[in-house]
Structure formats: structure tokens, C-alpha cells
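Visitor: Hey, could we walk through this one together? I've got a few quick questions.

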Amino acid sequence: MRRIIALAALATLLALAALWWSGGFNALAHWAAGQQRGFQNSIASGLRATRGGDAAAFWTVLLASFAYGVVHAAGPGHGKIVIGGYGLARAVPVLRLSLIALAASLGQAVTAVVLVYAGILLLGLGREALVGVTEDIMAPASYGAIALIGLWLIWRGLRHARQDRSAHSGEVCSHCGHAHGPSLAQVQRAGRLRDALLLIGGIAIRPCTGALFVLVITWHMGIGGVGILGAFAMALGTGLITIATGLAATGLRAGVLGGLAGSPRLAQAAAVAELTAGLVVVTLAGGLLLRAL
């Protein structure tokens, strides 16, 4: 078992290191940045027309904002890393993982709205200052939080590789009439809620810079409501790609582990999957963190 874990860890790290040193991350980020600039220009033009009273331009802004979110998510974003890694590591129902991914993306829009309006109204900050806060403070904090989630997955994988899970029965004591511990279902429900909050928080803490752009420019134009809707349209576009990544990860997990159903090796294979996913998350989030510092 230890050899399997070591080989899985080595193969994962070598593959990711090769992608990193070959410039794969930078090439993808460069392409995504170019596409985003094009959509930003379309959004800016649409906003000017909207301010001038063109009703059709409003829908153009929302559509361009949604497309911006899709392209933004196609780059090496942190949301896909953590959702995909979690879907590979844990047996999560598709609907639940999709809702977590959507909530995390919408959470980024909420963070952007709060940051922009608090920064402008309370601190008098401009767009460059708000982007600086996002890139210099919130982005590294988000990458660090996601790296910690990866370390947590690694720890879980190692723990599950060494011992079987155990939980209190939760049955009512025949002597005192009380349950001395939580039931297995209660433990699982608490774990699901904790996991969901960790994932959503780790992603939502860093708002999209495109959303900041739209929110700031619409504030100065006097059409702040359009900017808020545009920020959430971006979040929906980002969420679409993040959900697709989560579905791909759960499908990969099911394909790898499906043939071991009923086998005593299933628990060991699941532990290896969790460990591998943790290594992926830590490596990618660590790479993004190093780029942000």
C-alpha cells in the first residue's frame, strides 16, 4: 500500500512539475487574459450605450459579462482546482458538488460587490486600489486557504490508508435513555456542511477582477444596478466551467473506483484518490500562490 501511495504521489508531482516548468500555466493564463480584455472592451462599449438609453445594449452587457466569466474560468483559476480536487477525493453526489461550485462562484460576486461599495463609500478607493487589494491581499489569502484544503485532503488520505473509519453508533443507551455520541448519519451531515463551507469560503474570498472593473465603472456612470447584475452574470459563467470541472472529476473517480465495488481494496483505492487529489490541490494552489507573491 505504501508503494502505491508513493508511486501515485510521485507521478502526480512529476506531471504537474512538467506542466509548470514547460510554461503550460503561463501560456494558458496569457490566452485567457487576451480573451478577457476583448470582452472587457465589449462590456465597456455596452455600458456606454446602456447609459445612453439603449435597452438592447443592457442585454449585450449581461451576455458579454457571462462570456467573460466563462473565459476567465478557462484559465488556471483556483475555483476549478479546489472543486475538481474535492470531486476526485470524495464520493460527493453530483447535485451537491454542483450547488457548492455555483454557491462559491456567486460568493465571488458577493465579495466583489461588498469590496467595491465598501471601498468607494467608506474608504474612497479607486479601481486600481481595489484591484491592488484583490491581487495583493485577497488572492494570496485564497490560494493559501486552498493549499490548506489540499493538505487536509492529504492528511485524510494518509489516515484512511492506515486505518478504517470508525464512528459512534448513536444508539440510545438502555440504562440512561440517552445517546452517548452522534450517529453516523449525524457525523456525515456535519462533515458535509463543514466541507461545503470550507470550499465556498476558499473560493469566494477572492473576487474576480473583471467584476471589480464592471462595478467601479458602473458606479461612476450612475448605473450601479447594471454593474451588480453584470458581476453576477460573470459569476454564472465562471460557475458553469467550475461545475463542469467538478462533474469531470466525479466521473473520473467513479470510473476508477467503480470496478472495485464490493472489493476489500475499495477503501484503499479511495484513500489513494484522496491523497492524489490533495497533492494536486496543494501543488497547483502553491504554484498560484508563488505567482501572486
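Visitor: Is Gly-201 buried, partly exposed or exposed?
Guide: Gly-201 is partly exposed, because its relative accessible area is 38%, and that label covers values between 20% and 50%. Keep in mind that this is a predicted model.

Visitor: Okay, and which helix is Gly-201 in?
Guide: Gly-201 is found in helix H7, which covers residues 184–204.

Visitor: How far apart are Gly-201 and Gly-107 in sequence and in space?
Guide: Along the sequence, 94 residues separate Gly-201 from Gly-107. In space, the C-alpha to C-alpha distance is 8.0 Å.

Visitor: New topic: which residues make the nonpolar surface patch?
Guide: That patch is made by Leu-121, Leu-122, Leu-123 and Trp-219, and it has an area of about 470 Å².

Visitor: And which helix gives the largest share of the patch?
Guide: Helix H5, residues 94–123, does, with three residues.

Visitor: Let's pick Leu-121. Why is it called exposed?
Guide: Leu-121 has a relative accessible area of 55%, and exposed means over 50%, so the label fits. Leu-121 lies in helix H5.

Visitor: So how do H5 and H8 sit relative to each other?
Guide: Their axes come within 9 Å and cross at roughly 40°. That angle makes H5 oblique to H8, because it falls between the 35 degrees limit for roughly parallel and the 65 degrees where roughly perpendicular starts. Helix H8 covers residues 209–221.

Visitor: Last one: is that crossing of H5 and H8 left-handed or right-handed?
Guide: The H5 and H8 crossing is right-handed.

Notes:
Residues numbered from 1 in each chain as written. Predicted model: local features only at pLDDT ≥ 70, side-chain atom pairs only at ≥ 80, totals over all residues. Heavy atoms only, no water. Patch = residues over 30% accessible without salt bridge, like charges linked within 9 Å, V, L, I, M, F, W, Y side chains within 5 Å. Areas by Shrake-Rupley, 256 points an atom, 1.4 Å probe, with all protein chains shown as cover. Salt bridge = Lys/Arg side-chain N within 4 Å of Asp/Glu carboxyl O. Helix = DSSP H or I, 4+ residues; strand = E, 2+ residues; numbered from the N terminus. Buried < 20%, exposed > 50% of the residue type's maximum accessible area, 1.4 Å probe, protein only. Axes fitted to C-alpha atoms, helices over the stretch in contact; angles between N-to-C directions. Parallel < 35°, antiparallel > 145°, perpendicular 65-115°, else oblique. Left-handed = near helix turned anticlockwise from the far one by under 90°.
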